[in-house]
Amino acid sequence: DLLLSVHGWPKVAQVFRLIDAIEASGIDPCDVAPDHWRHIHNRIAGREAPRDYSPVRHRAWLQRKALFS
């Protein structure tokens, strides 16, 4: 599944900053909810600022994922 696609250095750099922020909060970017990567893609495509991915949001994702496992 393709969750996020950006073209051009400014957008790529923005995604790198978002990944760095996720890592700084102690979350492995590989474990982030797929919906969040789609959200980032859509916001960048629409020239809007994406929401932050917080530990609270991550815990909610893990709980939702556990329900369907």
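**Exercise 1.** Determine whether H39 is buried or exposed in this predicted model, and identify its surroundings.

*Solution.* H39 has a relative accessible area of 11%. Buried means under 20%, so H39 is classed as buried. The residue is located in helix α2. Setting aside residues up to four places away in sequence, H39 touches P50 and R51. With R51 there is also a polar approach: the H39 side chain reaches the backbone nitrogen of R51 at 2.9 Å.

**Exercise 2.** Describe how helices α1 and α2 are arranged relative to each other, and state which residues meet.

*Solution.* Two packed helices are described by the angle between their axes and by the distance between those axes. Helix α1 covers residues 9-24 and helix α2 residues 34-45. Their axes come within 12 Å and cross at roughly 145°. The crossing is right-handed. On the α1 side, the contact involves K11, Q14, V15, L18, I19 and I22. These meet H36, W37, I40 and I44 of α2. By residue class, the contact of α1 with α2 comprises seven nonpolar, two polar and one charged.

**Exercise 3.** List the members of the largest nonpolar core and examine the contacts of W37.

*Solution.* The largest nonpolar core has 11 residues: V15, L18, I22, I27, V32, A33, W37, I40, I44, Y53 and W61. Helices α1 and α2 each supply at least two residues of this core. For W37, neighbours within four places in sequence are left aside; the residues then in contact with W37 are L3, L4, I19, I22, P29 and V32. Among them, I22 and V32 also belong to the core.

Technical notes
Residues numbered from 1 in each chain as written. Predicted model: local features only at pLDDT ≥ 70, side-chain atom pairs only at ≥ 80, totals over all residues. Heavy atoms only, no water. Axes fitted to C-alpha atoms, helices over the stretch in contact; angles between N-to-C directions. Helix = DSSP H or I, 4+ residues; strand = E, 2+ residues; numbered from the N terminus. Left-handed = near helix turned anticlockwise from the far one by under 90°. Contact = heavy atoms within 4.5 Å. Nonpolar A, V, L, I, M, F, W, Y, C, P; charged D, E, K, R; others polar. Buried < 20%, exposed > 50% of the residue type's maximum accessible area, 1.4 Å probe, protein only. Polar contact = N/O pair within 3.5 Å; in protein donor to acceptor, adjacent residues only side chain to side chain. Core = buried A, V, L, I, M, F, W, Y, C linked by side-chain atoms within 4.5 Å.
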